[in-house]
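Got the viewer open? Then let's take a walk through this model, one selection at a time.

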Amino acid sequence: MEREIILSEQQIHDICKDIACKLDTRFEADGVKTPIVIGVLKGSVNFMMDLIREMKTEVMTDYIQVSSYSGTASTGAVILKKDLSLDITGKSIVIVEDVIDTGLTMQYLTGYLKEHHNPKEIIIVSLFDKLYLRKTDLHVDYTGKMLTENKFLVGYGLDYNEISRNVPYVYVAQSEDIKHWDELLKGIK
């Protein structure tokens, strides 16, 4: 079965270099020293690590975990599963996400961080943006790729019930893939 590749390894590398350069320029112009880059677990980890490897600005890193998906669909309810470890009060932070679609999860997350952690500024970076699905007035500062079709993507951190995060590119999951993964998951339980 041939896969429909949405982002190749080279395209991902180019996106990381481009956004890293823009962040470096922004931080230098604003005089920001040591921003905190926060990865939204688990999907953004690959993207975040590749992104910060390309940055010249010294950064600190942390992670936060929220959930709103089960299988291939959003549940609509956002749950905080893991809070930050670092104190971000008064700091410039960069939230790194894999996919932003409705914006509800990111709206919850930014609201939560402002209310409970009081950062100086929040910069949002997403590998993918499905702006056409947006249900909130959310501004994404830097996007790797705008998507115009609602396809279920896996690879490079994006998963189906924790499977396929390790693929180094992003592709469209087919029904055969999902059947195969469901069989694998049955064997694990």
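Start by selecting helix 1, residues 9–30, and look at what surrounds its buried residues: they pack against strand 1, helix 2, strand 5, strand 6, strand 7 (142–146) and strand 9. Keep in mind throughout that this is a predicted model.

Now show side chains on that helix. The buried ones are Ile12, Ile15, Cys16, Ile19, Ala20, Leu23, Asp24 and Phe27. Look down the axis and you'll find that they cover an arc of only 165°, which puts them on the same side of helix 1. That pattern suits the geometry: an α-helix has 3.6 residues a turn, so residues three or four places apart point the same way. Flip to the face turned away from the buried side of helix 1, and you'll meet the exposed residues Glu28 and Ala29. End to end, helix 1 has 22 residues and reaches 32 Å from its first C-alpha to its last, close to the 32 Å expected at 1.5 Å a residue. Just after helix 1 comes Gly31, with a positive phi of about 70°.

**Into the core**

Which residues have the most contacts inside the largest nonpolar core? Select Leu23, Phe47, Val125 and Phe128; the core they belong to has 30 residues. The elements giving two or more residues to this core are strand 1 (5–7), helix 1, helix 2 (45–54), strand 5 (92–100), strand 6 (121–129) and strand 9 (170–172). The largest share, seven residues, comes from helix 1. As a rule of thumb, in soluble globular proteins nonpolar side chains tend to be buried together.

Center on Phe47 next. Leaving aside neighbours within four places in sequence, Phe47 is in contact with Ile15, Cys16, Ile19, Val96, Glu97, Val125, Ser126, Leu127 and Tyr156. Apart from this core lies another one, of 18 residues, and you can pick out Ile36, Met106, Ile124 and Leu138 among them.

While you're at Phe47, widen the selection to helix 2. Its buried residues are Phe47, Met48, Leu51 and Ile52. Seen down the axis, these buried residues fall within an arc of 120°, so they line one face of helix 2.

**Back a few residues**

Go to Leu41 and Lys42 and check the peptide bond between them: it is cis, with omega about 0°. Lys42 sits in the loop between strand 2 (36–41) and helix 2.

**Over to helix 3**

Select 104–117, which is helix 3. Helix 3 has 14 residues and reaches 19 Å from first C-alpha to last, close to the 20 Å expected at 1.5 Å a residue. Color its buried residues: Thr105, Met106, Leu109, Thr110, Tyr112, Leu113 and His117. They cover an arc of only 160° around the axis, which puts them on the same side of helix 3. On the face turned away from that buried side, look for the exposed residues Lys114 and Glu115.

Helix 3 is followed by Asn118, whose phi is positive, near 50°. Asn118 is in the loop between helix 3 and strand 6, and Lys120 lies in that loop too.

Buried or exposed: which is Lys120? Lys120 is exposed, because its relative accessible area is 57% and the exposed class begins over 50%. Not counting residues up to four places away in sequence, Lys120 touches Gly90, Lys91 and Ser92. Try the distance tool between Lys120 and Ile93: they are 27 residues apart in sequence and 7.7 Å apart in space, C-alpha to C-alpha.

**One more loop**

Jump to Glu162, in the loop between strand 8 (153–154) and strand 9. Its phi is near 80°, a positive value in a residue other than glycine. Glu162 is partly exposed, with a relative accessible area of 45%.

**Zoom out**

Finish with the whole chain in cartoon view. You should count four helices and nine strands, and from the N terminus on they run β-α-β-α-β-β-β-α-β-β-β-β-α. The C-alpha trace spans about 50 × 35 × 30 Å along its principal axes. With 189 residues, a compact globule would have a radius of gyration near 16 Å, and the chain's 17 Å agrees. Of the 189 residues, 48% count as buried. Switch on a surface and you're looking at about 10000 Å² exposed, with carbon and sulfur atoms supplying 48% of it.

Key: Residues numbered from 1 in each chain as written. Heavy atoms only, no water. Core = buried A, V, L, I, M, F, W, Y, C linked by side-chain atoms within 4.5 Å. Buried < 20%, exposed > 50% of the residue type's maximum accessible area, 1.4 Å probe, protein only. Contact = heavy atoms within 4.5 Å. Expected span 1.5 Å × (residues − 1). Arc of directions from axis to C-beta. Rg over C-alpha atoms; globule rule 2.2 N^0.38 Å. Areas by Shrake-Rupley, 256 points an atom, 1.4 Å probe, with all protein chains shown as cover.
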